[in-house]
Amino acid sequence: LAAALRRDISFGTLLPDQKLKLQSLRARYGGSNHSMRETLRVLTAEGLVEATAQRGFRVTSATEDDVRDILMVRSEIERLALARAMGHGDVAWEGRVIAALHGLQTAETAVAQEADDLTALQWDEACRAFAATLIDACASPRLIDLQRKLFNQSRRFRLAQLREGYLDFAKRRARQQALVEAVLARDVAAATALLARDIQS
């Protein structure tokens, strides 16, 4: 249930500030009242849903201030986590980073040609996998958890950029390639700067 609602919030099927009524959600997604309440609590902890006293649940807002704040915190968290991963990561981690880059670039090529729902989902998952793999050697479960939550909060903004044709895939490819080269060279300053630029873009 959480995955289905998370996807529909990210794709804008469930709109910012939309009230989330249990009966309507159950009719659409299934589940019991208890399971749906638990799902909404999970998404509230992730920052995708807001709970208001005596007024139930709603999708969180999606203003320019929201996206700026999310990206600022993501940038700080992920740069710290990447620097730690570069200090702890071994050859196996380097191999995972290279594989994640290949998966992302393959998905970007496909979505640039035809951005339908399927390719958009595959691209979004490849973006998630690449971002997660970059930091998975950071030796901090809390940093990894924070990155996951913030990444999920930023998904709908990135998917909106895709839908509206604002992404420059050639620049993204060059930036991602340079980032991985800096990671493999263990150039922390260059890698973290490139990561911040990629997040802010």
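At what angle do the axes of H8 and H9 cross? Keep that in mind while you load the structure, which is a predicted model. The tour starts with the whole chain and reaches that pair at the end.

**Whole chain**

Show the protein chain as a cartoon and colour by secondary structure. You should find nine helices and three strands. Followed from the N terminus, the elements run α-β-α-α-β-β-α-α-α-α-α-α.

Switch to the C-alpha trace and turn the view along the principal axes. The trace spans about 55 × 40 × 30 Å. The radius of gyration is 18 Å, and a compact globule of 201 residues would have one near 17 Å, so the two agree. Colour by accessibility next: buried residues make up 44% of the 201 residues. Of the contacts in the protein chain with a separation of 6 or more, 71% are between residues 24 or more positions apart.

**First stop: H1 and H3**

Select residues 2-10, which are helix H1, and residues 33-46, which are helix H3. Their axes come within 9 Å and cross at roughly 50 degrees. H1 and H3 are therefore oblique to each other. The crossing of this pair is right-handed.

Now show side chains. On H1, pick Ala 2, Leu 5, Arg 6 and Ile 9; on H3, pick Met 36, Thr 39, Leu 40, Val 42, Leu 43 and Glu 46, and you have the residues that make the contact. Sorted by class, the contact of H1 with H3 has seven nonpolar, one polar and two charged residues.

**Second stop: Asp 17**

Move on from H1 into the loop that leads to strand S1 (19-20), where Asp 17 is found. Check the backbone here: phi of Asp 17 is near 70 degrees, a positive value in a residue other than glycine. Most residues other than glycine have a negative phi. Is the side chain of interest buried or exposed? Asp 17 counts as partly exposed because its relative accessibility is 40%, which falls between the limits of 20% and 50%.

**Third stop: Ile 98**

Select residues 91-113 to highlight helix H5, and pick Ile 98 within H5. Ile 98 is partly exposed, with a relative accessible area of 44%. Add Phe 57 to the selection and draw a distance between the two C-alpha atoms. Ile 98 and Phe 57 are 40 Å apart in space and 41 residues apart in sequence.

**Last stop: H8, H9 and the loop between them**

Select helix H8 (169-184) and helix H9 (188-200), then the loop between them, where Arg 186 lies. Arg 186 is another residue other than glycine with a positive phi, near 55 degrees. At 30% relative accessibility, Arg 186 counts as partly exposed.

Hide the rest of the chain and look at the two helices. The axes of H8 and H9 come within 8 Å and cross at roughly 155 degrees, which answers the opening question. H8 is therefore roughly antiparallel to H9, since angles over 145 degrees count as such. The crossing of H8 and H9 is left-handed.

Show side chains once more. From H8, the contact is made by Arg 175, Gln 176, Ala 178, Leu 179, Ala 182 and Val 183. From H9, Ala 190, Ala 191, Leu 194, Leu 195, Arg 197 and Asp 198 take part. By class, this contact of H8 with H9 has eight nonpolar, one polar and three charged residues.

Definitions and conventions:
Residues are numbered from 1 along each chain as its sequence is written. This is a predicted model: local features need pLDDT of at least 70, side-chain atom pairs count only at pLDDT 80 or more; totals for chains, interfaces and linings use all residues. Side-chain values use heavy atoms; hydrogens and water are left out. Axes are lines fitted to C-alpha atoms, for helices over the stretch in contact, and angles run from 0 to 180 degrees between N-to-C directions. Helices (H or I, at least four residues) and strands (E, at least two) are DSSP runs, numbered from the N terminus. Angles under 35 degrees count as roughly parallel, over 145 as roughly antiparallel, 65 to 115 as roughly perpendicular and the rest as oblique. A crossing is left-handed if the near helix is turned anticlockwise from the far one by less than a right angle, and right-handed if clockwise. Contact means heavy atoms within 4.5 Å. Ala, Val, Leu, Ile, Met, Phe, Trp, Tyr, Cys and Pro count as nonpolar, Asp, Glu, Lys and Arg as charged, and the others, Gly among them, as polar. The radius of gyration is taken over C-alpha atoms; the globule rule is 2.2 Å times the number of residues to the power 0.38. Buried means under 20% relative accessible area, exposed over 50%, partly exposed in between (1.4 Å probe, protein chains only).
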